[in-house]
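Work through the exercises below with the sequence and the 3D view side by side. Try each task before you read its solution.

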Amino acid sequence: CEVPVPKKVTFTQLKYYSSQKLKIMGNISIIAFVDKHSQMTMNKFIFPILFIVSALCLCWFYNYFEILFWHPQGIHFMRQTDCLSFISYYSKTGSPLWEPGLLCLYCKDGKTASEFPIVYYIISCIWDYTGKQEFLLRLFNLTVFFTGVYHLLIMFKHVLQKWHISVIAVLFVITSPVIVYYANNFLPDISAMAFTFIAMRYSYDYMNERKNISLTKSMFFYTVAALLKISYFIYPAAFFGALITTQIINNRNIKELVRACLLFVSSLLISGAWALYVIWYNRIHNGFFLSTHKAYWMLDDSDIQSVWKHILEYWYGWHLTVFAIFGLFISLLVLVDLKKYLSMTTGAWGILSALAATIYLILFFWQLHSHDYYILAIIPAFALLFMNLLCMITQQISFRLTKLLCAFVIAFFLYKNLLYTQNFVKWRYWDASINDPYAQIGIKLLNAD
């Protein structure tokens with residue numbers, strides 16, 4: 001962008017050449033400014049639109065538009081009816097938020113508690129105007145799920161620096177039968193997982209930018225996730241542990257750690273207060289929801305063997321695809337080069353999240369036998385490990401052709417994953433209902449409308 005200047009020039013000619021050079025530099029600045037703002041427009045408007053279109057395509061692929069209006073049916077249909085029963089109880093009795101209950105005879109006056117019932121209470125208020133609309137609960141969980149996936153995708157993009165790799169990687173994480181089945185369902189576990197995804201995105205923002213607003217947002221969404229399912233508190237604990245680790249290694253400002261400590265303790269007190277209230281509330285009303293754990297060491301040998309048999313026979317295919325399991329084991333290989341892994345921004349965070357997920361599996365080992373939705377709690381840890389694995393691969397591979405080959409291989413596995421998951425979700429609704437006559441109650445209710 002240089003303007004050629006003769007060796008001998010007059011003052012007038014020099015002014016002319018200087019003005020021409022300034023014009024060219026000004027045009028370059030304008031082009032750079034426009035390019036920067038066009039990229040911002042892409043990130044702010046076009047990408048969310050593309051994401052919504054992609055989400056709608058996934059909804060069509062997995063038959064979500066039809067399933068959205070179904071009654072509870074398929075696997076764990078009884079737990080699905082419990083969620084709707086909470087809403088019906090609020091609607092029929094007019095009870096305040098802190099006095100949840102079910103339409104059952106076992107509990108005293110039907111009162112029992114589990115997850116924080118704010119969603120049930122709000123939908124019951126909507127029912128007062130719209131009448132009983134069961135699909136609202138499915139719609140809420142589905143909306144929260146895709147919102148969480150969107151924030152997870154943004155975090156992957158910030159780490160991997162490539163949209164196409166990030167999209168493929170995130171789809172690889174979320175396309176398993178247990179996730180796809182509960183994404184458009186009544187249980188709150190999928191929303192707890194999605195809120196954790198949102199919190200993780202803001203946690204990553206805080207680790208890079210050190211903005212207080214990002215830390216506050218992350219702890220807020222961690223708290224919401226823990227209120228829905230207290231077991232998800234393992235993730236703010238892992239994040240706080242990572243902050244302490246980076247504080248020691250990098251000798252950061254102690255004020256940042258104190259601020260994070262205050263927010264973490266606040267989240268712990270809020271989540272813990274609700275958990276203690278649930279235990280007390282169920283005790284005085286003879287509530288039956290699970291508020292304790294049955295850890296590995298509390299089981300006898302026959303129970304342990306039974307759980308392991310279930311894991312080995314049903315996790316593959318029924319809950320997680322073989323490709324997701326393969327990806328999980330490959331992701332653990334990043335721990336081999338521990339020194340290099342810890343040098344990453346999310347290194348310690350990933351290790352502590354994996355450790356927290358392992359402790360969670362040990363504490364709730366017996367529940368893994370027949371409660372497949374407990375597996376959802378380990379997905380955020382898998383996402384972090386998988387993201388760090390891809391980050392290390394893309395940093396070490398310098399050849400563009402090799403990177404494209406890796407992306408092609410992951411895309412191929414993703415394609416197989418999508419088809420595999422679609423077939424197993426169909427099985428969860430149709431074949432499972434045929435083999436279990438009690439699970440046909442939703443289909444019979446559809447015919448009774």
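The exercises that follow deal with ring pairs, salt bridges, a helix and a surface patch in a predicted model.

**Exercise 1. Classify the ring pair of phenylalanine 51 and tyrosine 150, and say which parts it ties together.**

Solution.
- Step 1: Start with the search. Over the whole structure, 30 aromatic pairs are found.
- Step 2: Check the distance and the angle. The ring centres of phenylalanine 51 and tyrosine 150 are 5.2 Å apart, and the planes meet at 65°, so this pair is edge-to-face. The cut-off used here is over 60 degrees for edge-to-face.
- Step 3: Place the residues. Phenylalanine 51 belongs to helix H1 (residues 11-61) and tyrosine 150 to helix H5 (residues 135-160), so the pair ties together parts 99 residues apart in sequence.
- Step 4: Check burial. Phenylalanine 51 has a relative accessible area of 14% and is buried. Tyrosine 150, with 18%, is buried as well.

**Exercise 2. Do the same for tyrosine 222 and phenylalanine 239.**

Solution.
- Step 1: The ring centres of tyrosine 222 and phenylalanine 239 lie 6.1 Å apart, with planes at 35°, so the pair counts as tilted.
- Step 2: Tyrosine 222 is in helix H9 (residues 212-228) and phenylalanine 239 in helix H10 (residues 234-250), so parts 17 residues apart in sequence are tied together.
- Step 3: Tyrosine 222 is buried, at 1% relative accessible area. Phenylalanine 239 is buried too, at 0%.

**Exercise 3. Which residues do glutamate 115 and aspartate 189 pair with in salt bridges?**

Solution.
- Step 1: Recall the principle. Side chains of opposite charge can pair when their charged atoms come close.
- Step 2: Note the total. The whole structure holds 4 salt bridges.
- Step 3: Take glutamate 115. Its partner is arginine 79, with the closest N and O atoms 2.9 Å apart. Glutamate 115 sits in the loop between helix H3 (77-93) and helix H4 (118-130), while arginine 79 is in helix H3, so the bridge ties together parts 36 residues apart in sequence. Both glutamate 115 and arginine 79 are buried.
- Step 4: Take aspartate 189. Its partner is lysine 229, and the closest N and O atoms are 3.6 Å apart. Aspartate 189 lies in helix H8 and lysine 229 in the loop between H9 and H10, so parts 40 residues apart in sequence are joined by this pair.
- Step 5: Check burial again. Aspartate 189 is buried at 4% relative accessibility, and lysine 229 is buried at 15%.

**Exercise 4. Find what else surrounds aspartate 189 and lysine 229, starting from tyrosine 373 and tyrosine 374.**

Solution.
- Step 1: Look along the chain. Aspartate 189 and tyrosine 373 are 184 residues apart in sequence, yet 6.8 Å separates their C-alpha atoms.
- Step 2: Look at lysine 229. Its charged end sits over the ring of tyrosine 374, 5.7 Å from the ring centre.
- Step 3: Widen the view. Tyr373 and Tyr374 belong to a cluster linked by ring pairs, together with Tyr181, Tyr182, Tyr360 and Phe364.
- Step 4: Compare another lysine over a ring. Lysine 157 lies over the face of tryptophan 163, at 5.2 Å from the ring centre.

**Exercise 5. Describe helix H8 (residues 189-209): its span, its burial and its salt bridge between aspartate 205 and arginine 201.**

Solution.
- Step 1: Helix H8 has 21 residues. From first C-alpha to last it reaches 30 Å, close to the 30 Å expected.
- Step 2: Count the buried residues. They are 19 of the 21 in H8, so the helix is largely enclosed by the rest of the structure.
- Step 3: Find the bridge. The side chains of aspartate 205 and arginine 201 meet at 2.9 Å, N to O. Both residues lie in H8, 4 residues apart, about one turn of the helix.
- Step 4: Use the helix rule. An α-helix has 3.6 residues a turn, so residues three or four places apart point the same way.
- Step 5: Check the partners. Aspartate 205 is buried at 8% relative accessible area, and arginine 201 is buried at 15%.
- Step 6: Move past the end. Arginine 210 follows H8, and its phi is positive, near 60°.

**Exercise 6. Is tryptophan 308 buried or partly exposed, and which patch does it join?**

Solution.
- Step 1: Tryptophan 308 is in helix H12 (residues 301-319).
- Step 2: Its relative accessibility is 40%, so tryptophan 308 counts as partly exposed.
- Step 3: Trp308 forms a nonpolar surface patch with Tyr296, Trp297, Met298, Leu312 and Ile362. Together the six have about 670 Å² of accessible area.

Key. Residues are numbered from 1 along each chain as its sequence is written. This is a predicted model: local features need pLDDT of at least 70, side-chain atom pairs count only at pLDDT 80 or more; totals for chains, interfaces and linings use all residues. Side-chain values use heavy atoms; hydrogens and water are left out. Rings of Phe, Tyr and Trp (its six-membered ring) pair if their centres lie within 6.5 Å; planes under 30 degrees apart count as stacked, over 60 as edge-to-face and the rest as tilted. Helices (H or I, at least four residues) and strands (E, at least two) are DSSP runs, numbered from the N terminus. Buried means under 20% relative accessible area, exposed over 50%, partly exposed in between (1.4 Å probe, protein chains only). A charge sits over a ring if NZ of Lys or CZ of Arg is within 6 Å of the ring centre and within 35 degrees of the ring normal. The expected span of a helix is 1.5 Å times one less than its number of residues. Patches are made of residues with over 30% relative accessible area and no salt bridge: like charges are joined within 9 Å, nonpolar side chains (Val, Leu, Ile, Met, Phe, Trp, Tyr) within 5 Å. Accessible areas come from the Shrake-Rupley method with a 1.4 Å probe; for residues, only the protein chains shown count as cover.
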